[in-house]
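Welcome, and please open your viewer. Let's take a short walk through this model, one selection at a time.

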Amino acid sequence: MNIESQVQLKPFNTLSLNSIASHYVKIQSIVDLQQALQFSKAHDLNVLLLSGGSNMMLPEHIHALVVAIDIQGIEFLSEDAESKTIKVGAGQVWHDFVLWTTTQQLYGLQNLALIPGLVGASPVQNIGAYGVEVGEFIQSVEVYDRQSAQTLSIQAQDCHFSYRHSIFKDDPDRYVITHVIFKLLKHADLKVNYGDLKDAMMDDMSAENLQKQVIHIRQSKLPDPNEYPNVGSFFKNPIIKQQEFSQLIAKFPNIPHYPQAGNHVKIAAGWLIDQSGWKGKQLNQVGMFHKQALVLVNYADATLTDVRATYQAVQKDVFEKFGVHLEPEPVLYNKLGLIENH
Ligand code: EPU
(Lines give C-alpha, C1' and ligand atoms only; values in the text may rest on other atoms or scores of the structure.)
Protein backbone atom coordinates (compact mmCIF):
# COMPACT_ATOMS: atom_id res chain seq x y z
CA MET A 1 0.00 0.00 0.00
CA ASN A 2 1.46 3.31 -1.09
CA ILE A 3 0.12 6.53 0.42
CA GLU A 4 0.85 9.44 -1.89
CA SER A 5 0.64 13.12 -1.05
CA GLN A 6 -0.62 16.14 -3.02
CA VAL A 7 -2.39 14.10 -5.68
CA GLN A 8 -4.36 15.76 -8.49
CA LEU A 9 -7.83 14.18 -8.66
CA LYS A 10 -8.82 15.76 -11.99
CA PRO A 11 -8.38 12.49 -13.93
CA PHE A 12 -10.35 10.61 -11.26
CA ASN A 13 -13.57 12.66 -11.33
CA THR A 14 -15.65 12.70 -14.51
CA LEU A 15 -16.60 16.37 -14.06
CA SER A 16 -12.85 16.98 -14.40
CA LEU A 17 -12.63 19.43 -11.51
CA ASN A 18 -9.17 20.43 -10.34
CA SER A 19 -8.82 19.03 -6.87
CA ILE A 20 -5.62 18.32 -4.95
CA ALA A 21 -5.83 15.68 -2.25
CA SER A 22 -3.40 15.95 0.64
CA HIS A 23 -3.28 12.13 0.88
CA TYR A 24 -4.27 9.42 -1.58
CA VAL A 25 -4.13 5.64 -1.57
CA LYS A 26 -5.40 2.89 -3.83
CA ILE A 27 -6.64 -0.23 -2.04
CA GLN A 28 -6.98 -3.68 -3.60
CA SER A 29 -8.08 -5.75 -0.61
CA ILE A 30 -9.78 -5.55 2.77
CA VAL A 31 -6.34 -5.75 4.43
CA ASP A 32 -5.23 -2.68 2.43
CA LEU A 33 -8.42 -0.95 3.50
CA GLN A 34 -7.79 -1.68 7.19
CA GLN A 35 -4.26 -0.28 6.88
CA ALA A 36 -5.54 2.83 5.14
CA LEU A 37 -8.13 3.38 7.88
CA GLN A 38 -5.44 2.98 10.54
CA PHE A 39 -3.32 5.57 8.75
CA SER A 40 -6.24 7.99 8.66
CA LYS A 41 -6.78 7.58 12.40
CA ALA A 42 -3.11 7.98 13.22
CA HIS A 43 -2.93 11.18 11.18
CA ASP A 44 -6.33 12.52 12.18
CA LEU A 45 -7.63 12.59 8.61
CA ASN A 46 -11.16 12.11 7.33
CA VAL A 47 -11.58 9.40 4.69
CA LEU A 48 -13.06 10.20 1.28
CA LEU A 49 -14.01 7.04 -0.61
CA LEU A 50 -13.35 7.31 -4.33
CA SER A 51 -14.99 4.93 -6.77
CA GLY A 52 -15.41 5.87 -10.45
CA GLY A 53 -15.70 9.58 -9.58
CA SER A 54 -18.80 9.86 -11.76
CA ASN A 55 -21.13 11.25 -9.12
CA MET A 56 -19.07 13.72 -7.14
CA MET A 57 -18.23 17.41 -6.87
CA LEU A 58 -14.83 18.14 -5.37
CA PRO A 59 -13.33 21.38 -4.01
CA GLU A 60 -9.92 22.63 -5.18
CA HIS A 61 -8.08 21.36 -2.10
CA ILE A 62 -8.97 18.45 0.13
CA HIS A 63 -7.22 17.75 3.40
CA ALA A 64 -8.18 14.09 3.87
CA LEU A 65 -7.16 10.57 2.92
CA VAL A 66 -8.72 9.74 -0.44
CA VAL A 67 -9.17 5.97 -0.65
CA ALA A 68 -9.60 4.73 -4.21
CA ILE A 69 -11.36 1.35 -4.24
CA ASP A 70 -9.68 -1.06 -6.64
CA ILE A 71 -10.96 -4.44 -5.42
CA GLN A 72 -11.24 -6.68 -8.50
CA GLY A 73 -12.66 -10.12 -9.25
CA ILE A 74 -15.81 -11.91 -10.39
CA GLU A 75 -16.81 -15.20 -8.78
CA PHE A 76 -19.79 -17.51 -9.40
CA LEU A 77 -21.38 -18.45 -6.06
CA SER A 78 -24.43 -20.57 -6.81
CA GLU A 79 -27.24 -21.23 -9.25
CA ASP A 80 -30.74 -22.62 -9.49
CA ALA A 81 -33.10 -23.21 -12.42
CA GLU A 82 -33.85 -19.50 -12.86
CA SER A 83 -30.78 -17.60 -11.77
CA LYS A 84 -27.07 -17.42 -11.04
CA THR A 85 -25.49 -15.61 -8.12
CA ILE A 86 -22.22 -13.76 -8.69
CA LYS A 87 -19.89 -11.90 -6.36
CA VAL A 88 -18.21 -8.88 -7.96
CA GLY A 89 -15.37 -6.73 -6.63
CA ALA A 90 -16.30 -3.10 -5.98
CA GLY A 91 -13.52 -1.88 -8.28
CA GLN A 92 -14.79 -3.61 -11.44
CA VAL A 93 -15.86 -1.16 -14.17
CA TRP A 94 -19.67 -1.17 -14.28
CA HIS A 95 -20.17 -1.08 -18.06
CA ASP A 96 -17.59 -3.82 -18.70
CA PHE A 97 -19.34 -5.96 -16.09
CA VAL A 98 -22.73 -5.44 -17.77
CA LEU A 99 -21.25 -6.43 -21.17
CA TRP A 100 -19.71 -9.50 -19.55
CA THR A 101 -23.05 -10.61 -18.03
CA THR A 102 -24.62 -10.48 -21.48
CA THR A 103 -21.87 -12.64 -22.99
CA GLN A 104 -22.50 -15.10 -20.14
CA GLN A 105 -26.23 -15.11 -21.04
CA LEU A 106 -27.15 -13.65 -17.68
CA TYR A 107 -29.95 -11.14 -17.80
CA GLY A 108 -31.30 -8.13 -15.97
CA LEU A 109 -28.63 -5.47 -16.19
CA GLN A 110 -28.77 -4.79 -19.94
CA ASN A 111 -30.88 -1.61 -19.47
CA LEU A 112 -28.07 -0.24 -17.31
CA ALA A 113 -25.33 -0.47 -19.96
CA LEU A 114 -22.96 2.47 -20.40
CA ILE A 115 -23.61 4.00 -17.00
CA PRO A 116 -20.22 5.37 -15.93
CA GLY A 117 -18.58 4.32 -12.67
CA LEU A 118 -17.63 1.17 -10.80
CA VAL A 119 -19.66 -1.76 -9.47
CA GLY A 120 -19.17 -0.73 -5.82
CA ALA A 121 -20.95 2.58 -6.33
CA SER A 122 -23.96 1.04 -8.08
CA PRO A 123 -25.95 0.24 -4.89
CA VAL A 124 -25.15 3.57 -3.22
CA GLN A 125 -27.56 5.62 -5.27
CA ASN A 126 -29.34 2.57 -6.71
CA ILE A 127 -28.39 3.45 -10.29
CA GLY A 128 -31.28 3.25 -12.71
CA ALA A 129 -32.13 3.75 -16.36
CA TYR A 130 -34.75 2.74 -18.93
CA GLY A 131 -37.13 1.18 -16.42
CA VAL A 132 -34.62 -0.82 -14.35
CA GLU A 133 -32.90 -0.07 -11.04
CA VAL A 134 -29.87 -2.07 -9.96
CA GLY A 135 -31.42 -2.91 -6.57
CA GLU A 136 -33.79 -5.32 -8.33
CA PHE A 137 -30.82 -7.56 -9.17
CA ILE A 138 -28.76 -7.23 -6.00
CA GLN A 139 -28.96 -10.07 -3.50
CA SER A 140 -26.67 -8.53 -0.91
CA VAL A 141 -23.85 -6.03 -0.47
CA GLU A 142 -20.62 -6.90 1.32
CA VAL A 143 -19.16 -4.08 3.33
CA TYR A 144 -16.45 -3.23 5.80
CA ASP A 145 -18.25 -1.65 8.73
CA ARG A 146 -16.03 1.12 10.10
CA GLN A 147 -18.12 1.28 13.28
CA SER A 148 -17.60 -2.36 14.34
CA ALA A 149 -14.34 -2.86 12.36
CA GLN A 150 -15.62 -6.02 10.69
CA THR A 151 -16.97 -7.22 7.39
CA LEU A 152 -20.73 -7.64 7.04
CA SER A 153 -23.17 -8.82 4.44
CA ILE A 154 -26.24 -6.59 4.09
CA GLN A 155 -29.23 -8.24 2.42
CA ALA A 156 -30.95 -6.29 -0.37
CA GLN A 157 -34.14 -5.72 1.65
CA ASP A 158 -32.05 -4.08 4.38
CA CYS A 159 -30.39 -1.74 1.87
CA HIS A 160 -33.75 0.13 1.49
CA PHE A 161 -33.33 0.76 -2.20
CA SER A 162 -35.54 3.51 -3.64
CA TYR A 163 -35.20 6.09 -6.43
CA ARG A 164 -31.52 7.14 -6.43
CA HIS A 165 -31.29 6.19 -2.76
CA SER A 166 -30.19 3.49 -0.27
CA ILE A 167 -28.97 3.22 3.33
CA PHE A 168 -25.45 3.88 2.01
CA LYS A 169 -26.50 7.48 1.28
CA ASP A 170 -27.95 7.95 4.78
CA ASP A 171 -24.82 6.75 6.53
CA PRO A 172 -21.93 7.59 4.18
CA ASP A 173 -19.12 7.36 6.75
CA ARG A 174 -20.02 3.93 8.07
CA TYR A 175 -19.77 1.31 5.33
CA VAL A 176 -17.12 0.71 2.70
CA ILE A 177 -18.60 -1.46 -0.04
CA THR A 178 -16.11 -4.18 -0.98
CA HIS A 179 -18.25 -6.54 -3.10
CA VAL A 180 -21.73 -6.68 -4.58
CA ILE A 181 -23.61 -9.99 -4.90
CA PHE A 182 -25.89 -10.04 -7.94
CA LYS A 183 -28.66 -12.51 -8.69
CA LEU A 184 -29.09 -12.55 -12.47
CA LEU A 185 -31.65 -14.34 -14.60
CA LYS A 186 -30.86 -17.25 -16.89
CA HIS A 187 -33.85 -16.40 -19.09
CA ALA A 188 -34.31 -12.82 -20.22
CA ASP A 189 -37.37 -10.92 -18.96
CA LEU A 190 -36.94 -7.78 -21.05
CA LYS A 191 -38.01 -4.36 -19.75
CA VAL A 192 -38.66 -2.38 -22.91
CA ASN A 193 -41.46 -0.05 -21.88
CA TYR A 194 -39.36 3.06 -21.39
CA GLY A 195 -39.88 5.78 -24.01
CA ASP A 196 -38.99 4.67 -27.52
CA LEU A 197 -36.93 1.64 -26.48
CA LYS A 198 -39.41 -0.93 -27.84
CA ASP A 199 -39.63 0.80 -31.24
CA ALA A 200 -35.85 1.08 -31.40
CA MET A 201 -35.57 -2.70 -31.03
CA MET A 202 -37.57 -3.30 -34.24
CA ASP A 203 -38.21 -7.05 -34.50
CA ASP A 204 -35.17 -8.29 -32.57
CA MET A 205 -36.42 -8.73 -28.98
CA SER A 206 -33.19 -10.24 -27.63
CA ALA A 207 -31.35 -9.04 -24.53
CA GLU A 208 -28.29 -8.45 -26.73
CA ASN A 209 -30.28 -6.08 -28.92
CA LEU A 210 -31.81 -4.38 -25.88
CA GLN A 211 -28.32 -3.67 -24.57
CA LYS A 212 -27.24 -2.41 -27.99
CA GLN A 213 -30.22 -0.03 -28.25
CA VAL A 214 -29.69 1.30 -24.72
CA ILE A 215 -26.07 2.05 -25.62
CA HIS A 216 -27.21 3.72 -28.83
CA ILE A 217 -29.84 5.89 -27.09
CA ARG A 218 -27.40 6.94 -24.36
CA GLN A 219 -24.70 7.78 -26.90
CA SER A 220 -27.12 9.86 -28.94
CA LYS A 221 -28.32 11.96 -25.96
CA LEU A 222 -25.70 11.90 -23.25
CA PRO A 223 -22.25 13.47 -23.54
CA ASP A 224 -19.15 11.25 -23.31
CA PRO A 225 -17.32 12.38 -20.11
CA ASN A 226 -13.99 12.11 -21.98
CA GLU A 227 -15.16 14.76 -24.41
CA TYR A 228 -17.53 16.81 -22.23
CA PRO A 229 -16.81 16.26 -18.52
CA ASN A 230 -20.10 15.55 -16.71
CA VAL A 231 -21.71 13.43 -13.99
CA GLY A 232 -24.74 12.17 -15.95
CA SER A 233 -28.04 13.60 -14.77
CA PHE A 234 -27.11 16.51 -12.58
CA PHE A 235 -30.48 16.81 -10.83
CA LYS A 236 -32.89 14.19 -9.59
CA ASN A 237 -36.32 14.08 -11.15
CA PRO A 238 -38.45 15.77 -8.44
CA ILE A 239 -41.12 13.67 -6.76
CA ILE A 240 -44.00 15.90 -5.69
CA LYS A 241 -47.40 15.44 -4.05
CA GLN A 242 -50.38 14.74 -6.33
CA GLN A 243 -52.06 17.94 -5.12
CA GLU A 244 -49.06 20.09 -6.06
CA PHE A 245 -48.84 18.24 -9.38
CA SER A 246 -52.52 18.95 -10.21
CA GLN A 247 -51.87 22.68 -9.93
CA LEU A 248 -48.73 22.38 -12.06
CA ILE A 249 -50.30 20.35 -14.88
CA ALA A 250 -53.21 22.80 -15.06
CA LYS A 251 -50.70 25.50 -15.92
CA PHE A 252 -48.25 23.36 -17.93
CA PRO A 253 -50.24 20.55 -19.61
CA ASN A 254 -47.20 19.08 -21.45
CA ILE A 255 -45.09 18.33 -18.39
CA PRO A 256 -43.71 14.75 -18.65
CA HIS A 257 -44.73 12.85 -15.51
CA TYR A 258 -44.69 9.37 -14.03
CA PRO A 259 -47.12 8.32 -11.25
CA GLN A 260 -45.46 7.05 -8.05
CA ALA A 261 -46.63 5.14 -5.01
CA GLY A 262 -48.35 7.00 -2.16
CA ASN A 263 -50.08 9.76 -4.14
CA HIS A 264 -46.89 11.20 -5.54
CA VAL A 265 -45.81 12.07 -9.07
CA LYS A 266 -42.30 12.16 -10.53
CA ILE A 267 -41.72 14.97 -13.03
CA ALA A 268 -38.95 15.33 -15.61
CA ALA A 269 -36.28 17.74 -14.40
CA GLY A 270 -34.78 17.84 -17.93
CA TRP A 271 -38.05 19.24 -19.28
CA LEU A 272 -38.27 21.88 -16.52
CA ILE A 273 -34.69 22.99 -17.24
CA ASP A 274 -35.28 22.95 -20.98
CA GLN A 275 -38.47 25.05 -20.61
CA SER A 276 -36.57 27.49 -18.41
CA GLY A 277 -34.26 28.24 -21.33
CA TRP A 278 -31.20 26.43 -20.04
CA LYS A 279 -30.82 23.72 -22.70
CA GLY A 280 -27.48 24.48 -24.40
CA LYS A 281 -26.97 27.58 -22.22
CA GLN A 282 -23.71 28.28 -20.35
CA LEU A 283 -22.61 30.49 -17.51
CA ASN A 284 -18.86 31.01 -17.54
CA GLN A 285 -17.48 27.59 -18.52
CA VAL A 286 -20.31 25.48 -17.20
CA GLY A 287 -23.62 24.78 -18.92
CA MET A 288 -26.50 22.40 -19.52
CA PHE A 289 -25.94 20.02 -22.45
CA HIS A 290 -27.59 20.94 -25.76
CA LYS A 291 -29.04 17.44 -26.34
CA GLN A 292 -30.17 16.69 -22.76
CA ALA A 293 -30.76 19.65 -20.44
CA LEU A 294 -30.44 17.51 -17.30
CA VAL A 295 -26.71 17.04 -17.82
CA LEU A 296 -24.35 19.73 -16.57
CA VAL A 297 -21.06 19.98 -18.51
CA ASN A 298 -17.70 21.46 -17.56
CA TYR A 299 -16.76 22.99 -20.94
CA ALA A 300 -13.33 24.29 -19.96
CA ASP A 301 -11.40 24.28 -16.74
CA ALA A 302 -14.17 25.13 -14.32
CA THR A 303 -13.84 25.01 -10.56
CA LEU A 304 -16.44 23.91 -8.05
CA THR A 305 -17.32 27.60 -7.56
CA ASP A 306 -18.17 27.88 -11.28
CA VAL A 307 -20.24 24.69 -11.16
CA ARG A 308 -22.15 26.01 -8.17
CA ALA A 309 -22.86 29.33 -9.87
CA THR A 310 -24.42 27.54 -12.84
CA TYR A 311 -26.46 24.96 -10.97
CA GLN A 312 -27.79 27.53 -8.52
CA ALA A 313 -28.81 29.78 -11.44
CA VAL A 314 -30.66 26.82 -12.98
CA GLN A 315 -32.36 26.03 -9.66
CA LYS A 316 -33.43 29.67 -9.30
CA ASP A 317 -34.90 29.93 -12.81
CA VAL A 318 -36.75 26.61 -12.53
CA PHE A 319 -38.13 27.58 -9.13
CA GLU A 320 -39.28 31.00 -10.39
CA LYS A 321 -41.09 29.47 -13.36
CA PHE A 322 -42.51 26.27 -11.86
CA GLY A 323 -42.22 26.62 -8.06
CA VAL A 324 -40.30 23.30 -8.02
CA HIS A 325 -36.98 22.81 -6.24
CA LEU A 326 -34.36 20.77 -8.09
CA GLU A 327 -32.05 18.69 -5.94
CA PRO A 328 -28.57 17.95 -7.32
CA GLU A 329 -27.72 14.28 -7.68
CA PRO A 330 -23.90 14.24 -7.29
CA VAL A 331 -22.39 14.22 -3.83
CA LEU A 332 -20.75 17.47 -2.70
CA TYR A 333 -17.53 17.28 -0.62
CA ASN A 334 -15.92 19.98 1.49
CA LYS A 335 -12.21 20.72 1.91
CA LEU A 336 -12.00 18.28 4.82
CA GLY A 337 -13.29 15.46 2.63
CA LEU A 338 -16.72 15.39 4.27
CA ILE A 339 -20.08 15.28 2.50
CA GLU A 340 -21.97 18.58 2.64
CA ASN A 341 -25.54 19.54 1.92
CA HIS A 342 -25.96 21.25 -1.43
N1 EPU B 1 -36.73 16.32 -21.71
C2 EPU B 1 -36.86 17.53 -22.33
N3 EPU B 1 -35.70 18.25 -22.57
C4 EPU B 1 -34.49 17.81 -22.22
C5 EPU B 1 -34.37 16.57 -21.57
C6 EPU B 1 -35.52 15.83 -21.33
O7 EPU B 1 -37.95 17.98 -22.67
O8 EPU B 1 -33.51 18.51 -22.47
C9 EPU B 1 -37.94 15.49 -21.52
C10 EPU B 1 -37.93 14.30 -22.46
O11 EPU B 1 -38.50 14.60 -23.69
C12 EPU B 1 -38.74 13.27 -21.71
C13 EPU B 1 -38.43 13.60 -20.26
O14 EPU B 1 -37.92 14.92 -20.22
O15 EPU B 1 -40.11 13.44 -21.95
C16 EPU B 1 -37.47 12.61 -19.62
O17 EPU B 1 -36.24 12.61 -20.35
P18 EPU B 1 -35.35 11.29 -20.52
O19 EPU B 1 -36.20 10.18 -21.01
O20 EPU B 1 -34.16 11.67 -21.33
O21 EPU B 1 -34.93 10.87 -19.07
P22 EPU B 1 -34.57 11.71 -17.77
O23 EPU B 1 -35.71 11.71 -16.84
O24 EPU B 1 -34.04 13.04 -18.19
C25 EPU B 1 -33.70 9.67 -16.41
C26 EPU B 1 -32.48 9.34 -15.58
C27 EPU B 1 -31.29 8.98 -16.48
C28 EPU B 1 -31.67 7.77 -17.31
C29 EPU B 1 -32.93 8.12 -18.12
C30 EPU B 1 -33.45 6.91 -18.84
C31 EPU B 1 -32.68 10.62 -13.53
C32 EPU B 1 -32.20 11.80 -12.75
N33 EPU B 1 -32.14 10.48 -14.74
O34 EPU B 1 -33.38 10.83 -17.16
O35 EPU B 1 -30.20 8.62 -15.64
O36 EPU B 1 -30.62 7.40 -18.19
O37 EPU B 1 -34.00 8.56 -17.24
O38 EPU B 1 -33.98 6.01 -17.91
O39 EPU B 1 -33.50 9.85 -13.03
C40 EPU B 1 -28.23 9.47 -14.59
O41 EPU B 1 -28.78 9.27 -13.51
O42 EPU B 1 -27.09 9.95 -14.65
C43 EPU B 1 -28.96 9.21 -15.83
C44 EPU B 1 -28.46 9.53 -17.02
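A residue counts as near the ligand if one of its heavy atoms lies within 4 Å of it. Keep in mind on this tour that the model is predicted.

**Stop 1: the ligand and its shell**

Select the ligand and the residues around it. Which residues come nearest to the ligand? Of the 24 residues around the ligand, these are Y130, Y163, R164, Y194 and D274.

Now colour the shell by class: you should find twelve nonpolar, six polar and six charged residues. Next, show the secondary structure. Strand 8 (128–129), helix 6, strand 13 (230–233) and helix 8 (269–275) each provide at least two residues of this shell. Helix 8 has the largest share, with three residues.

**Stop 2: polar contacts with the ligand**

Zoom in on Y130 and display its backbone. One of its backbone N or O atoms is 2.6 Å from an oxygen atom of the ligand. Move on to Y194, this time showing the side chain: an N or O atom there lies 2.7 Å from a ligand oxygen atom. Then pick K221, where a polar side-chain atom sits 3.2 Å from an oxygen atom of the ligand.

Before leaving, try a surface view. How much of the ligand's accessible area does the protein cover? On its own the ligand has 820 Å² of accessible area, and the protein covers 82% of that.

**Stop 3: the nonpolar cores**

Hide the ligand and select W94, L109, L112, V134, F168 and F182. These residues have the most contacts inside the largest nonpolar core, which has 36 residues. Two or more residues of this core come from each of strand 7 (83–89), helix 2 (94–103), strand 10 (138–145), helix 4 (167–170), strand 12 (175–185) and helix 6 (207–221). Strand 12 contributes the most to this core, giving five residues.

Another core, of 34 residues, lies apart from that one. To find this second core, select F234, I255, Y311 and F322, which are among its members.

**Stop 4: two backbone angles**

Go to Q6, in strand 1 (residues 4–8). Its phi is near 50 degrees, a positive value in a residue that is not glycine. Is Q6 buried or exposed? Q6 counts as exposed because its relative accessibility is 55%, and the cut-off for exposed is over 50%.

Finish at L114, in the loop between helix 2 and strand 8. L114 is not a glycine either, yet has a positive phi of about 70 degrees. With 26% relative accessibility, L114 counts as partly exposed.

Technical notes: Residues numbered from 1 in each chain as written. Predicted model: local features only at pLDDT ≥ 70, side-chain atom pairs only at ≥ 80, totals over all residues. Heavy atoms only, no water. Core = buried A, V, L, I, M, F, W, Y, C linked by side-chain atoms within 4.5 Å. Buried < 20%, exposed > 50% of the residue type's maximum accessible area, 1.4 Å probe, protein only. Helix = DSSP H or I, 4+ residues; strand = E, 2+ residues; numbered from the N terminus. Polar contact = N/O pair within 3.5 Å; in protein donor to acceptor, adjacent residues only side chain to side chain. Areas by Shrake-Rupley, 256 points an atom, 1.4 Å probe, with all protein chains shown as cover. Nonpolar A, V, L, I, M, F, W, Y, C, P; charged D, E, K, R; others polar.
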